[in-house]
Amino acid sequence: MRLLPAAPMPPRRPVVRRHHGDEVVDEYAWLADRDDPVVLAHLEQENRYAEAVTESLEPLRRRIVAEIRARTQETDLSVPVAYRSWWYYSRTVEGQQYPLHCRVPVVPGAGRPRVDDPTAHHGAQAGGLPGEQVLLDGNAEAAGAEYFALGASEVSPDQTRLAYLVDLAGDERYRLRVKDIESGALVDEAVTGTGYGLVWSLDGLTLFYTRVDAAWRPHQVWRHRVGTPARDDVLVFQEDDERFWTGLTSSRDERLLVIQVASKSTSEVWLLDLAHPDQPAWVVAPRQEGLEYDVEPAGDGLLIVHNAVHRDFELAWAPLTTSAGSSVSDWSTVVAPGPGERIVAADAFAGHVLVSMRRDGLTGLRVLPRRPGAPGWFEPGWDIPVDEPLFTLHLGDNPQWQTTSLQLIRESFVTPRTVLEIDVGTRQQSVLKRQPVLAGFDPADYVQRRIWATAADGVRIPVSVLSRSDVVPDGSAPGLLYGYGAYEMSLDPWFSVPRLSLLDRGVVLAFAHVRGGGEFGRSWYEQGRLDAKKTSFTDLLAVAGHLLDAGWVGPARLGLQGGSAGGLLVGATLNLTPDLFRVVWAEVPFVDTLTTILDPSLPLTVPEWEEWGNPLANPQVYRYLKEYAPYENVVTAAYPAVLATTSLNDTRVGYSEPAKWVARLRAATTSDPHQRPVLLRTEMVAGHGGRSGRYAAWDQWAWEAAFVLDQLDAGALPKRRPASTGTVWTGPQ
């Protein structure tokens with residue numbers, strides 16, 4: 001047996017924390033000090049240990065990367081999108097980490113440039129489409145940096161300048177750059193430390209951006225005159241309530257700046273005339289506790305998605321004013337939710353509105369034609385059909401206000417990402433591009449199913465199951481169960497090329513749509529948040545038990561995966577049944593939950609009190625959180641193998657959460673560390689999403705997946721049974 005180094009065991013330095021008469025000893029609190037060289041040395045030691053333990057998996061990692069690369073068309077173009085007099089698109093080049101963002105002139109009568117034509121691909125390999133201008137080359141921007149992310153990019157109204165946000169650390173704090181497109185020269189990089197969002201004024205002389213406070217909360221909107229020092233910038237809006245985040249965008253007709261201010265349960269929208277950027281903003285409707293609304297400017301009025309009447313929201317119309325706003329009584333209903341529906345959003349165009357919805361646990365889109373000359377009146381709507389029982393359908397990139405066609409994105413677990421165009425007059429759909437998947441990929445080799453597990457309280461929990469079509473539920477297959485279950489976010493089907501390397505090794509992938517997500521509307525969310533949060537964990541356990549009982553996964557071959565808030569789901573469930581899983585894959589996991597939610601100085605904490613509760617103010621909330629927080633509830637038991645991943649510059653979930661959790665797990669587990677190791681891997685220059693750059697991301701994913709496959713005894717490609725075909729649907733809830 002190969003001799004492995006001893007697992008890192010950080011020293012215990014007890015810190016006592018007291019709240020509501022309760023005393024907690026945290027022996028690893030010191031790991032939160034990232035300025036301590038001892039902490040950094042410990043993270044590096046953990047990385048070396050993880051590499052040593054998994055050294056034998058290097059051939060498997062190389063094979064997985066090779067499989068991903070063989071299936072990927074590395075030199076490729078996106079579908080061009082028309083905006084004013086240009087076609088905008090991005091393209092990738094084999095061997096380069098980051099895409100290039102480009103444009104070519106619109107040639108009257110020539111139509112959209114073909115992206116499924118081999119000639120077009122030869123053009124991309126040679127340097128782009130004829131007449132191309134490269135607006136932004138991510139590879140050049142990232143030169144000399146270990147990390148690069150583009151936060152936003154916006155072309156000026158006269159199409160001569162590009163403003164964009166750059167992050168070179170992974171901490172999601174950006175530098176604003178403005179370049180002249182024709183010459184490529186930078187004309188402004190005075191503003192640093194911004195948040196998300198970027199909007200031009202109509203005259204192209206002014207930019208609006210956000211700033212974050214010490215807790216990384218976007219709380220201000222600023223106005224910057226291009227070419228002037230940042231010290232001359234003007235504060236446009238400030239939100240002082242620490243529960244609320246601030247974001248900004250512009251209306252599709254480019255007339256209005258939209259400032260969205262929202263907590264987890266209340267929102268408020270302000271508007272500003274982009275033709276007069278020096279004038280003050282005005283509120284659409286003053287905030288009311290519990291009232292949530294989003295505003296979509298629609299030319300001659302406002303479309304408002306709100307919850308004042310229906311828990312699952314409705315779409316309303318309101319007049320557009322240029323002074324302090326309206327109230328719910330001024331809003332007239334356009335679309336109310338039907339049974340089992342949730343109104344999510346509205347996108348306005350000159351001649352129609354596209355309504356995003358949820359129905360039967362899936363996404364949906366409804367087109368509402370506008371009645372000419374009748375503000376606020378619409379023709380009867382129609383739903384865009386989809387010929388697949390499990391799918392995700394949403395609006396693509398559609399910047400044009402005046403248009404009679406829409407780009408849509410459709411995909412599923414077995415259907416690669418497909419860009420569709422639909423004529424809203426004739427309702428005809430056409431495929432503009434389907435994500436190319438090479439190396440003999442055939443969707444018929446894979447099957448997606450929806451099955452149902454019964455929760456402890458009798459509620460049926462949907463589960464999406466994905467496998468090769470020759471896998472049968474005979475109780476022998478390895479399986480990996482994925483969950484999230486928070487923030488009303490839904491696990492809608494999405495296609496993944498790397499995932500094929502798991503499926504081809506016989507792994508059954510299951511996605512648990514537990515309560516706390518948004519699959520079935522607001523009620524589904526509310527049943528898994530605040531003082532009902534434990535429902536998410538028991539739902540996940542019910543799904544795991546059903547997969548085993550139904551024979552989809554073999555005993556001792558079930559893995560568990562979750563990231564961020566899904567890491568909380570994974571960690572809490574693991575403590576309830578340590579012996580149920582063979583391996584846990586915890587990505588940037590939110591596992592030191594109580595410590596974080598008790599500290600209002602940390603990023604996200606105060607806004608998150610409406611998601612988890614406020615343990616500082618409420619002793620019942622404190623006790624409830626303490627009962628399920630993963631770090632607080634590690635027990636002496638035979639834990640499965642654990643791989644926890646994190647990044648040193650992660651703002652959303654601090655690296656110390658998985659670092660402390662791993663230390664406590666390793667001290668408590670009674671499992672053989674050679675058979676079921678507990679590993680921590682930290683990316684030292686990255687953020688919440690891990691490494692940047694596609695090849696670096698593939699390497700990271702392959703390293704992690706190889707560990708999981710090895711623990712599931714699924715590293716080899718098995719011989720195949722004769723394949724069946726199709727997608728299996730077992731009906732709605």
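In the predicted model, alanine 316 stands opposite threonine 333 of strand β23. The pairing of β22 (residues 314-319) with β23 is antiparallel and runs over three bridges. Both strands belong to an open sheet of four, ordered β20-β21-β22-β23, with antiparallel pairing. The edges are held by β20 (293-297) and β23 (332-335). Each edge strand has a single partner, so one side of each lacks a neighbour in the sheet. On average, neighbouring strands are turned by 35° against each other, direction ignored.

The largest nonpolar core comprises 114 residues. Its residues with the most contacts inside the core are Ile64, Leu481, Leu547 and Trp661. Helix α13 (residues 694-711) contributes the largest share, ten residues. Beyond its neighbours within four places in sequence, tryptophan 661 is in contact with ten named residues of which Gly571, Leu574, Ala586 and Pro589 are among them. The list also includes Val591, Pro630, Tyr631, Val634, Val642 and Ala644.

Leu547 is also one of the buried residues of helix α7. This helix spans residues 534-549, 16 in number. From first to last C-alpha it reaches 23 Å, close to the 22 Å expected at 1.5 Å a residue. Its buried residues include the nonpolar Phe537, Leu540 and Val543, but also Thr535, Ser536 and Asp539. Just after α7, glycine 551 adopts a positive phi of about 85°.

Another aspartate, residue 504, sits in the loop between α5 (499-503) and β35 (508-512). Aspartate 504 counts as buried because its relative accessibility is 9%, under the 20% cut-off. Its side chain makes a polar contact with the side chain of arginine 468, at 2.9 Å.

How values were computed
Residues are numbered from 1 along each chain as its sequence is written. This is a predicted model: local features need pLDDT of at least 70, side-chain atom pairs count only at pLDDT 80 or more; totals for chains, interfaces and linings use all residues. Side-chain values use heavy atoms; hydrogens and water are left out. Helices (H or I, at least four residues) and strands (E, at least two) are DSSP runs, numbered from the N terminus. The expected span of a helix is 1.5 Å times one less than its number of residues. Buried means under 20% relative accessible area, exposed over 50%, partly exposed in between (1.4 Å probe, protein chains only). A polar contact is a pair of N or O atoms within 3.5 Å; within protein, one must be able to donate a hydrogen and the other to accept it, and residues adjacent in sequence count only if both atoms are side-chain atoms. A nonpolar core is a set of buried Ala, Val, Leu, Ile, Met, Phe, Trp, Tyr and Cys residues joined through side-chain atoms within 4.5 Å. Contact means heavy atoms within 4.5 Å. Two strands pair if DSSP finds at least two bridges between them. Axes are lines fitted to C-alpha atoms, for helices over the stretch in contact, and angles run from 0 to 180 degrees between N-to-C directions.
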